[in-house]
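Hi,

Here is the structure I promised to pass on. Have a look at it first, and my notes follow underneath.

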Amino acid sequence: MYDKFWKKEYEELKIECDLFDTSTGNTVAININSAAKFHLNCNSILSKGPALFLGNSGDIIEDINLNIDKVETGDPSSSSISGTSIVTYSNGFIKINEIICKNRGHCLLHRKGEITAKIKKITSKYSIGSLRLSAVALIQGDQVQKLILYFDEINSIDSYGGIELGQGTGIFIGRKIFSNINSAVHIVGANTKGYIKCNEIISQGEENISAAALDLGNFTSQITIMANYIYGYRDGGVIFINDANVQLKNAKIINTYSGSSPSSVGIFIAGNKIISLINVKIVTGELTNGRTIYYAGPEESIDVKNYGLFVNKAI
């Protein structure tokens, strides 16, 4: 077991180890409150509480470099344990093979600074109680934080969603983002900036619960989303857009709901910003009442730019 609170007087810290293990107590495995540099080369971090808390709101760590094979946090049998696996107020680089968070918390929460991360697999698993959090989040920060994340897959199992971008800049490049009950990607915030390139963005949904793969709202800077396949469920739309300046490119949008009621909606538009569709295909699972694009916003206030739209039924 190792639990360390590293104080300000230590300017630089480098650690090489096989294992940090605080899985028997609800505490942070590694807490670096303030430092000029923190480098970690480690095989595994196991923690009942959070794994890494780096920096604080008033004192950023200017140079972090994490090289870790696996981070696993949480106790799925207890609803009283809260804790995000990794929280960063930092500049630098992160390389992790796998993060598994079974706490009531995020797998990765970036609040301040600029981070470039390569994380192969991220999984959030939390099914106790009503408070469920996204696997990766840019929220609760200084509004200008930046995260560039390369990944193979991000999975949200019985939790809030895959990616939550609420402030700053988020650039996400990977193969698959999946949520079994909620939105795979949620983007909001007037000044939020971002870019997503992903092969599959999937919200599975449940029998009586709509699930939009992309829930996009209230941002003014154009965010581009490139995805080969985007899957959603029921009448909330595969993509729900509310006052969002969004560009969709090269996407096949599929609503997997095939029942007769309610309707199966491809893109649900509820606002009045600019929407650009570039080589987009929309497939509704239910043809009788299904709607490829449904607009519920103010009359004559929508600007849709079509650069190649293909649908399986009339709009």
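**Aromatic pairs and the rest**

I started with the rings, and the count comes to five aromatic pairs. One of them is Tyr233 with Tyr257, an edge-to-face pair at 5.5 Å centre to centre and with 85° between the planes. This pair links distant parts of the chain, 24 residues apart: Tyr233 sits in the loop between S16 and strand S17 (239–249), while Tyr257 is in the loop between strand S18 (252–255) and strand S19 (265–269). Both rings' residues are tucked away: Tyr233 counts as buried at 15% relative accessibility, and Tyr257 is buried with a relative accessible area of 9%. The cut-off for buried is under 20%. Before moving on, please keep in mind that this is a predicted model.

Another pair is Phe268 with Tyr294, also edge-to-face, with 5.0 Å centre to centre and 65° between the planes. Phe268 belongs to strand S19 and Tyr294 to strand S22 (residues 291–295), so this pair ties together parts that are 26 residues apart in sequence. Here the burial is mixed: Phe268 counts as buried at 17% relative accessibility, whereas Tyr294 is partly exposed, with a relative accessible area of 28%. Add Phe240 to Phe268 and Tyr294 and you have one aromatic cluster.

Two charged side chains also sit over rings. Arg234 lies over the face of Tyr257, at 5.8 Å from the ring centre. Lys176 does likewise with Phe178, at 5.5 Å from the ring centre.

Phe240 turns up again around Asp215. Leaving out residues up to four places away in sequence, Asp215 touches Ser183, Val185, His186, Ile187 and Phe240. Asp215 lies in strand S16 and counts as partly exposed, at 23% relative accessibility. If you want a distance to check in your viewer, the C-alpha atoms of Asp215 and Ala244 are separated by 9.8 Å, and these two are 29 residues apart along the chain.

Now for the interior. The largest nonpolar core has 70 residues, and Phe38, Leu40, Ile45 and Ile201 are the ones with the most contacts inside it. Strand S16 (residues 214–232) gives the most to this core, with seven residues. There is also a second, separate core of five residues, which includes Val87, Tyr89, Leu109 and Ile139.

Leu40 is a good place to zoom in. Not counting its neighbours within four places in sequence, Leu40 is in contact with Ile15, Cys17, Phe20, Ile30, Ile45, Leu52, Asn65, Leu66, Asn67 and Ile68.

Finally, the overall picture. The protein chain has 24 strands and zero helices. A compact globule with 315 residues would have a radius of gyration near 20 Å, and the protein chain agrees, at 20 Å. Along the principal axes, its C-alpha atoms fill a box of roughly 65 × 35 × 25 Å. Of the 315 residues, 52% count as buried. The protein chain exposes about 13100 Å², with carbon and sulfur atoms supplying 46% of that. As for long-range contacts, take those between residues at least 6 apart in sequence: 67% of them join residues at least 24 apart.

Cheers

Methods: Residues are numbered from 1 along each chain as its sequence is written. This is a predicted model: local features need pLDDT of at least 70, side-chain atom pairs count only at pLDDT 80 or more; totals for chains, interfaces and linings use all residues. Side-chain values use heavy atoms; hydrogens and water are left out. A nonpolar core is a set of buried Ala, Val, Leu, Ile, Met, Phe, Trp, Tyr and Cys residues joined through side-chain atoms within 4.5 Å. Buried means under 20% relative accessible area, exposed over 50%, partly exposed in between (1.4 Å probe, protein chains only). Helices (H or I, at least four residues) and strands (E, at least two) are DSSP runs, numbered from the N terminus. Contact means heavy atoms within 4.5 Å. Rings of Phe, Tyr and Trp (its six-membered ring) pair if their centres lie within 6.5 Å; planes under 30 degrees apart count as stacked, over 60 as edge-to-face and the rest as tilted. A charge sits over a ring if NZ of Lys or CZ of Arg is within 6 Å of the ring centre and within 35 degrees of the ring normal. The radius of gyration is taken over C-alpha atoms; the globule rule is 2.2 Å times the number of residues to the power 0.38. Accessible areas come from the Shrake-Rupley method with a 1.4 Å probe; for residues, only the protein chains shown count as cover.
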